[in-house]
Amino acid sequence: MVDTRFYNKREYILFDEICTLLGVPLPDKCFSKREISGIARLDNATSADITFFHNAKYAAELSKTQAFACVVSKKNAHLVPEGTIPLIVPEPYLALAVLLKEFYSIKGKRGEAYLSPKANISKLAVVEDGCYISDYVTIADGVIVKKGTFIGANVTILDGVEIGENSHIEPNVTIGFAVIGKNAYIKTGARIGQQGFGFHIGKAGITDVLQVGKVIIGDDVQIGANCTIDRGSMGDTIIGSHSRIDNLVHVAHNVEIGDYCVIAAQTGIAGSTKIGNQCFLGGQVGIAGHLVIGDKVTIAAQSGAMRDIESGGKVAGSPAVNILNWHRQNVTLKKLIEHNNQTKMRGFFEKLKFIFKK
Amino acid sequence: MVDTRFYNKREYILFDEICTLLGVPLPDKCFSKREISGIARLDNATSADITFFHNAKYAAELSKTQAFACVVSKKNAHLVPEGTIPLIVPEPYLALAVLLKEFYSIKGKRGEAYLSPKANISKLAVVEDGCYISDYVTIADGVIVKKGTFIGANVTILDGVEIGENSHIEPNVTIGFAVIGKNAYIKTGARIGQQGFGFHIGKAGITDVLQVGKVIIGDDVQIGANCTIDRGSMGDTIIGSHSRIDNLVHVAHNVEIGDYCVIAAQTGIAGSTKIGNQCFLGGQVGIAGHLVIGDKVTIAAQSGAMRDIESGGKVAGSPAVNILNWHRQNVTLKKLIEHNNQTKMRGFFEKLKFIFKK
Amino acid sequence: MVDTRFYNKREYILFDEICTLLGVPLPDKCFSKREISGIARLDNATSADITFFHNAKYAAELSKTQAFACVVSKKNAHLVPEGTIPLIVPEPYLALAVLLKEFYSIKGKRGEAYLSPKANISKLAVVEDGCYISDYVTIADGVIVKKGTFIGANVTILDGVEIGENSHIEPNVTIGFAVIGKNAYIKTGARIGQQGFGFHIGKAGITDVLQVGKVIIGDDVQIGANCTIDRGSMGDTIIGSHSRIDNLVHVAHNVEIGDYCVIAAQTGIAGSTKIGNQCFLGGQVGIAGHLVIGDKVTIAAQSGAMRDIESGGKVAGSPAVNILNWHRQNVTLKKLIEHNNQTKMRGFFEKLKFIFKK
């Protein structure tokens, strides 16, 4: 299944090793040395593959799977068909992550230590041991790249930037005015630290206000492809540890995002807004500036948050309202138009006028 | 009209050659050797220019045009003023495309064969004949670039990628984990094949799930500037032949888009959604994950599709509903507020409360 | 406060120099030679700092500030606490801009004259005096870069482009088919001049229409990170002087934007729409094609403008309506669902049906 032009693959893993990796007791000694050749989806797994089941929607596929074994939760184990061994784990999707990482790895020169002669690394920069610096990278004065970090081709790193250890900076990224933690994963085309949208509009026209802050990114953070994270004006733009940001997201100056937040693609957060920990933002969400969003807040896709949201809040719509009210709005609109065709609507409004005139 | 800093221009084309190009009978032998100097809009064409008419909105401009001849449909031929020769064709806009291509071409070194010494092409990559590889391009191991393809400056192509013949990859693009058909046109800053937004959220925090799929792009596909097309997790992200994607569009992992689809700017499609053939998506549309969108579906700009859509469906709104119902919703809202000012609204709701209490 | 890894800082500025810079009379001769060490926010300014007050929201912070002096408007001067000197100016935010620029400057090699040997500058291009051309830049034939302009690393400039004096082009930008005025500030990853979304859809499938226009950008314009500005098809895409465009904005072919417009992040403007002067567009706004938007128009965030808007208009919503009506719509929806829970709604619609049947 996996295309070996892009991935390296272990030829096989013995079944007992797989059980050990998953922390599952070996179901039957006879199978301990069975060679498992890969991970596959329910519908195309062979009798040499491991498959997995974690979405009830695919129960029909599970019933027909040819897989040798199936990673599954206790609750769903009874759905695994005869001839396939259930491997019961508390979190099947997590187990899948473990197995994929064991079986496959990405081709290319990651992980090696290398400084391309076609890169321009300032003598006033520090690149620690074990880094891979690709072609056409520029690393300016005062930059610190900590050990084991990969920098892809055509990346530009401006003066004074610090990037933590074991980070992965994909090609064509620009980073300036930023201090980035360890294990960062900055995807291709992301822009970090440029001057935000700060200016004075007055009698003399538009005057730029020099932005003198920076971007602080915690540990284990991912920033999606072609995102834009502006630096702070006075004070900093902050992205907390373990947060995940999808592609094409805009984070304006002085925004603060907590830890373990998940932000889907094309969302935009206006200046100085603070977002707590463990928040979920759907795609194409807009959040106005200077707001305070609590912890564990959920904002549905395409919503427009224009007010503070308390911890635990769930909102939807533009302007965003409590998600239950948003559903009610939609039902209301649906019913209004279902029960009243154009002609009847006219009658309805005339009736209303009549009522009000009384 | 056309700025010769950017375009090459044929000095003139004889009128009979133009008629031949358009498949139109020569209206009058006297004009056969007339030198036509260019294509111009209705309002600024001179008596040496060809103009065209394909939008009824511009009938006033047509009536006053000074053009020598006007490309026009049969239906509108009577609108062409005396002194201008109507050139009747079934599809005037298509005829325009033919003439523009004949008159003008883009300046720069496209079409030549050249491997820049300032590019880094792996010895384990294959670059076929007639390719133009610009400066600061990196082409990694196992890459295949088929004949006649242009790669712009600062492009990064990762291991194993295949790009079909006569493709055009603009500057500053990143491509990895992808198999791209012929005649592709990938615009500047597009990101193809990066790891999607895939992770497990559980008791131990957030764990990444290695994405082991790829991106498959058909023939004659265009991808807009700064788009992001993530690779599949298990299985592939697919974009069908002849589809056109505008700028800043996000296509998540495992999305499948059919043939001849047209997707306007800033639209986002969440993971695993399947879109049929010949669909039209307006700008800033959002489509939720795991949906099935049929063939010939139209989704109006800024809509948010949260459910499957059958073939031929036309939807609008967020959440998206049938487009007629969306118009009705808008009319309903409009009437509700037109007929009831703030004070009256208060009366209206009191009245409702009264009714419900009865 | 300011991180000296990224910024140069004057050690101090004498208080009388600050007063001169602000055009404010020196409050007390004793303080004239006081050394002011920096600019800080109300809440963390020390007795050696200047602070500023321009947002009533922060009155509590002002009352407790430890700053030596506070830049403030006449109207708010009485709020400045004892022990802090009020520096009364007509526009405090503008005064802040003046002081920031005086105290701080960005680290790095801007402002110097330098042509990197790792750049590829065509012999048929003109780079005037005082320009800084960074590594891995390509400048094609016929390009003119006027004096004092900075071009960041990995920028690609295609044939014939003209960039005005004292402009700043950040890294990883692509510019083609464009004439850009002086003092331009093009942020990292912006794409200017690529072919727009122009094609004919007919019996023979999709045919591209060669775009033969350009992009014209006035003086003192800012284009945000990862924006996409397509060139004109026939005729030009135009951005007027002094306009400010935030990140990830899409401007389609033949759009014309006036002077002093402010366009927030992730907004998209479809082809051939004309926008007047001094317009404000919020974030994530969508504007349909072929519209005429007057001067001084305000379009609220996330709105979808589908019709022309007269000068001075203020609209919101998708589809956009007069902003007052949009507020009324929201109130109406809110009241409808507040006063009627699900059960009552059912009663409401039955009642309506009953009324209509009468």
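Mentor: Axes are lines fitted to C-alpha atoms, for helices over the stretch in contact, and the angle between N-to-C directions runs from 0 to 180 degrees. Please bear in mind that this is a predicted model.

Trainee: At roughly what angle do the axes of H1 and H3 of chain B cross?

Mentor: Helix H1 of chain B covers residues 15–22, and helix H3 of chain B covers residues 92–103. Their axes come within 10 Å, and the crossing angle is roughly 135°.

Trainee: Which word describes how H1(B) and H3(B) lie to each other?

Mentor: Angles over 145 degrees count as roughly antiparallel, and those from 65 to 115 as roughly perpendicular. The angle of roughly 135° in chain B belongs to neither class. H1(B) and H3(B) are therefore described as oblique.

Trainee: Is the crossing of H1(B) and H3(B) left-handed or right-handed?

Mentor: The hand is a separate matter from the angle of roughly 135° at which the two axes of chain B cross. The crossing of H1(B) and H3(B) is right-handed.

Trainee: How many nonpolar residues has the contact of H1(B) with H3(B)?

Mentor: From H1(B) come Ile18(B), Leu21(B) and Leu22(B), which meet Ala95(B), Val98(B), Leu99(B) and Glu102(B) of H3(B). By class, there are no polar residues and 1 charged residue, and the nonpolar ones number 6.

Trainee: For chain C, how far apart are the axes of H1 and H3?

Mentor: Helix H1 (residues 15–22) and helix H3 (residues 92–103) of chain C pack at about 135°. That angle makes H1(C) oblique to H3(C). The crossing is right-handed, and the axes of H1 and H3 in chain C are apart by 10 Å.

Trainee: How many charged residues are there in the contact of H1(C) with H3(C)?

Mentor: Ile18(C), Leu21(C) and Leu22(C) meet Ala95(C), Val98(C), Leu99(C) and Glu102(C). Of these residues, 6 are nonpolar and none is polar. The number of charged residues is 1.

Trainee: Let us turn to the whole chain. What radius of gyration has chain A?

Mentor: Chain A has 5 helices and 41 strands, and its C-alpha atoms fill a box of roughly 85 × 65 × 30 Å along the principal axes. A compact globule of 358 residues would have a radius of gyration near 21 Å. Chain A, in contrast, has 26 Å.

Trainee: Of what kind of axis is the relation between chain A and chain C?

Mentor: Two copies of a chain are related by a rotation about an axis and a shift along it. Chain A is superposed on chain C by a rotation of 120° with 0.0 Å of shift along the axis, at an RMSD of 0.0 Å. That is the relation of an axis that is three-fold.

Trainee: What percentage of the contact residues of chain B recur in chain A?

Mentor: Chain B is superposed on chain A by a rotation of 120° with 0.0 Å of shift along its axis. The copies use different surfaces, and the share of contact residues of chain B that recur in chain A is 13%.

Trainee: Which element gives the most to the side of chain A that touches chain C?

Mentor: The contact takes 53 residues from chain A and 53 residues from chain C. On the side of chain A, strands S23 (199–202) and S24 (205–208) and helices H4 (323–339) and H5 (342–357) each supply at least two residues. With 6 residues, the element that gives the most is H4(A).

Trainee: How many polar residues has the side of chain B that touches chain A?

Mentor: In this contact, 54 residues of chain B meet 53 residues of chain A. H4(B) gives the most to the side of chain B, with 6 residues. By class, that side has 17 nonpolar and 8 charged residues, and its polar residues number 29.

Trainee: Is the peptide bond from Ser318(A) to Pro319(A) cis or trans?

Mentor: Most peptide bonds are trans. Pro319(A) is found in the loop between strand S40 (314–316) and strand S41 (321–322) of chain A. With omega near 5°, the bond from Ser318(A) to Pro319(A) is cis.

Trainee: What is the phi of Tyr136(B)?

Mentor: Most residues other than glycine have a negative phi. Tyr136(B), found in the loop between strand S12 (132–133) and strand S13 (138–139) of chain B, is not a glycine. Its phi is nevertheless positive, at about 60°.

Notes: Residues are numbered from 1 along each chain as its sequence is written. Chains are lettered from A and ligands numbered from 1 in the order in which they are written. This is a predicted model: local features need pLDDT of at least 70, side-chain atom pairs count only at pLDDT 80 or more; totals for chains, interfaces and linings use all residues. Helices (H or I, at least four residues) and strands (E, at least two) are DSSP runs, numbered from the N terminus. Angles under 35 degrees count as roughly parallel, over 145 as roughly antiparallel, 65 to 115 as roughly perpendicular and the rest as oblique. A crossing is left-handed if the near helix is turned anticlockwise from the far one by less than a right angle, and right-handed if clockwise. Two residues are in contact if their C-beta atoms, placed from the backbone, lie within 7 Å. Ala, Val, Leu, Ile, Met, Phe, Trp, Tyr, Cys and Pro count as nonpolar, Asp, Glu, Lys and Arg as charged, and the others, Gly among them, as polar. Copies are superposed by least squares on the C-alpha atoms of residues with pLDDT of at least 70 in both. The radius of gyration is taken over C-alpha atoms; the globule rule is 2.2 Å times the number of residues to the power 0.38.
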